[in-house]
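Trainee: I've just opened this one and don't know my way around. Could you walk me through it?

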Amino acid sequence: MSLARNTLVQSCLTLTSRVFGFARDVLLAAKIGAGPIGDAWATALMFPNLFRRIFAEGAFAQAFVPSYARTLEEGGPDAAQKVANEAMRALFAITAGLTIAAQLAMPWLMLVLHAGYAGDTENFNLAVLLTQITMPYLTCASIAALLSGVLNSLGRFILSAATPILLNLALIGAAILGDTPQATAKLAAIAVSVGGLCQMAFLYWGVRRQNVRLSILRFPRITPNVKHIFALAVPGTIAASGTQINIMVSQLLASFEQGAKSWLYYADRLYQLPLGLVGVAVGVAILPRLSRAARREDLGESQTMMDEGIGLAMALTLPATAALFLLPTLLIDGFFARGAFTPTDAERASLALIHYAWGVPAFVLIKVLAPAFFAREDMTTPMRFSLISVALNTALGAALFFWLQSRGDLGFPGLAIATSLAAWTNALLLAGTLASRNWYRPGSVLIGRLLRVGMATLAMSAALLALQIHPDLLAQYLPQSRLISTLAIIVIGMLAYAVAALLFGAVRPSELRQALARN
């Protein structure tokens, strides 16, 4: 498949998953709300979200795929199957051990992760229990990531992109069945682990359909293949997870402000949408082709692939960034403000969303630029930049959080500011290093395309601002529903951008045909 088609497949299925994800979040927000129980639930979900984004959304695959793909190309299917089996058994042993250890140590871990609630015994213990229940998702997500890497190396992207839908369906069931905030939170925690098991089983079935026979039933051995993969995987995982670690750091600080974890969580749900739809999709689709080009030392193909990937990513990311920045309160209020999640909660969550919004292009660029290093099996450089961004986010986030509180303001918006600044630092370091090593510099075609994307985004922004300033333009044609009004504005914005993108040449009809047609 072409890069455009691979990205389209990933994005369409991810969009389907995110639709279910929004449904689950709307239901959970209405049942649990923002407060001590909501903060405990956000803490419990922090671990599975972290590991899903690190492993299942490409980071582990970005370390595993080059090794597996090279073995498949040089040694054939049997040799590649052996490598995958050895890696999976070792991965299962390590993550299962970590899961058990974390469950046993959870009361002490929560003294760090949920420190602000240490004096509230009831809600502190609830956070401990919920996180213990969700921890098995670590093992499930890790094995699912390896299985996704096998499928992606074989050119099969559909199953791995569809897998998150299963988790969302499990959480929707829990939200429907729960009758009180605490009962809903407990059912949802159980649903996370059940959903993880379903994801792992689904991908295992997909791998078997490709005649790849994998098993975790044998005793793991640290073979040369396993050492090589994990030598790449550990720094690669850290490199690709900088954004998620920054979010986790923000959550830790937010525990000192009641409700802040919940407000950050729901803002995170919205700004992660373009990251999952675009950044992860392009990164996953581009990595196998970059790996092949790197093995052939074909700089021309690498340049073309990176230009195409960045151009496609920004064509889809910049309009989303503009919408999140211009309409944060409308979006949060329209999607989540009902039941236990009040309009005041929506207004406060929007304070975080507006600052996450201007960091979205950087979050996406990290996902697209990092594969240029991973394809050459250089995991150390992105890891170093990721750790720099984590250190910057931690120091700046803490400084802004407590400074804002000292002025009598809410401190948590400072955490969103720090996260976005850290992401831009990471992205610029990656881009600068690629240029200094002559691995990649943006070409004139890409620069011209970005200018056209910017003009199309400005045209869409003008349409959104007109609707915000004159809400009566739509109100007379729609039922009295915040959700329907919000969806209508989103659709109008998408149509305005699509028309402007075609007029300015940001997206060409030939690219649409290429995305919809098989090679």
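Mentor: Sure, and one term before we start: helices (H or I, at least four residues) and strands (E, at least two) are DSSP runs, numbered from the N terminus. Residues are numbered from 1 along each chain as its sequence is written. This is a predicted model, so local features need pLDDT of at least 70, side-chain atom pairs count only at pLDDT 80 or more, and totals for chains, interfaces and linings use all residues, while side-chain values use heavy atoms, with hydrogens and water left out.

Trainee: Got it. How many helices and strands are there in the protein chain?

Mentor: The protein chain has 22 helices and zero strands.

Trainee: And what share of the residues is buried?

Mentor: Of the 519 residues in the protein chain, 57% are buried. Buried means under 20% relative accessible area, exposed is over 50%, and partly exposed is in between (1.4 Å probe, protein chains only).

Trainee: What about contacts between residues at least 24 apart in sequence?

Mentor: They make up 85% of the contacts between residues at least 6 apart in sequence. Contact here means heavy atoms within 4.5 Å.

Trainee: Let's talk cores. Which residues have the most contacts inside the largest nonpolar core?

Mentor: Those are Trp-41, Leu-270, Ile-310, Leu-324, Ile-332 and Phe-336, in a core of 102 residues. A nonpolar core is a set of buried Ala, Val, Leu, Ile, Met, Phe, Trp, Tyr and Cys residues joined through side-chain atoms within 4.5 Å.

Trainee: Which helix gives the most to this core?

Mentor: Helix H16 (residues 360–374), with ten residues. There's also a second, separate core of 24 residues, which includes Val-83, Ala-90, Leu-91 and Val-150.

Trainee: Back to Leu-270, what does it touch?

Mentor: Not counting residues up to four places away in sequence, Leu-270 touches Phe-22, Leu-324, Leu-331, Ile-332, Phe-335, Phe-336 and Leu-353.

Trainee: Where do H14 and H21 sit relative to each other?

Mentor: H14 (residues 328–336) and H21 (residues 482–504) have axes that come within 8 Å and cross at roughly 135°. Axes are lines fitted to C-alpha atoms, for helices over the stretch in contact, and angles run from 0 to 180 degrees between N-to-C directions. H14 and H21 are therefore oblique to each other. For the cut-offs, under 35 degrees counts as roughly parallel, over 145 as roughly antiparallel, 65 to 115 as roughly perpendicular and the rest as oblique.

Trainee: Which residues make that contact between H14 and H21?

Mentor: From H14, Leu-330, Leu-331, Asp-333, Gly-334 and Phe-335; from H21, Arg-482, Leu-483, Thr-486, Leu-487, Ile-489 and Ile-490.

Trainee: Is H14 enclosed, and how many of its residues are buried?

Mentor: Seven of the nine residues of H14 are buried, so H14 is largely enclosed by the rest of the structure. The buried ones are Pro-328, Leu-331, Ile-332, Asp-333, Gly-334, Phe-335 and Phe-336.

Trainee: New topic. At what angle do H8 and H9 pack?

Mentor: Helix H8 (residues 164–177) and helix H9 (residues 181–209) pack at about 155°, with their axes 8 Å apart. H8 and H9 are therefore roughly antiparallel to each other.

Trainee: What comes after H9? I noticed Asn-211, so where is that?

Mentor: Asn-211 is in the loop between H9 and helix H10 (224–240). Asn-211 is exposed, with a relative accessible area of 59%. Asn-211 has a positive phi of about 60°, although it is not a glycine. Most residues other than glycine have a negative phi.

Trainee: And Asn-438, where is that found?

Mentor: Asn-438 is in the loop between H18 and H19. Asn-438 also has a positive phi of about 60° without being a glycine, and at 48% relative accessibility it counts as partly exposed.

Trainee: Let's finish with Thr-457. Is it buried or exposed?

Mentor: Thr-457 is buried, with a relative accessible area of 9%, and lies in helix H19 (residues 444–469). Leaving out residues up to four places away in sequence, Thr-457 touches Leu-318, Pro-319, Ala-322 and Tyr-497. The C-alpha atoms of Thr-457 and Ala-501 are separated by 8.0 Å, though these residues are 44 residues apart along the chain.
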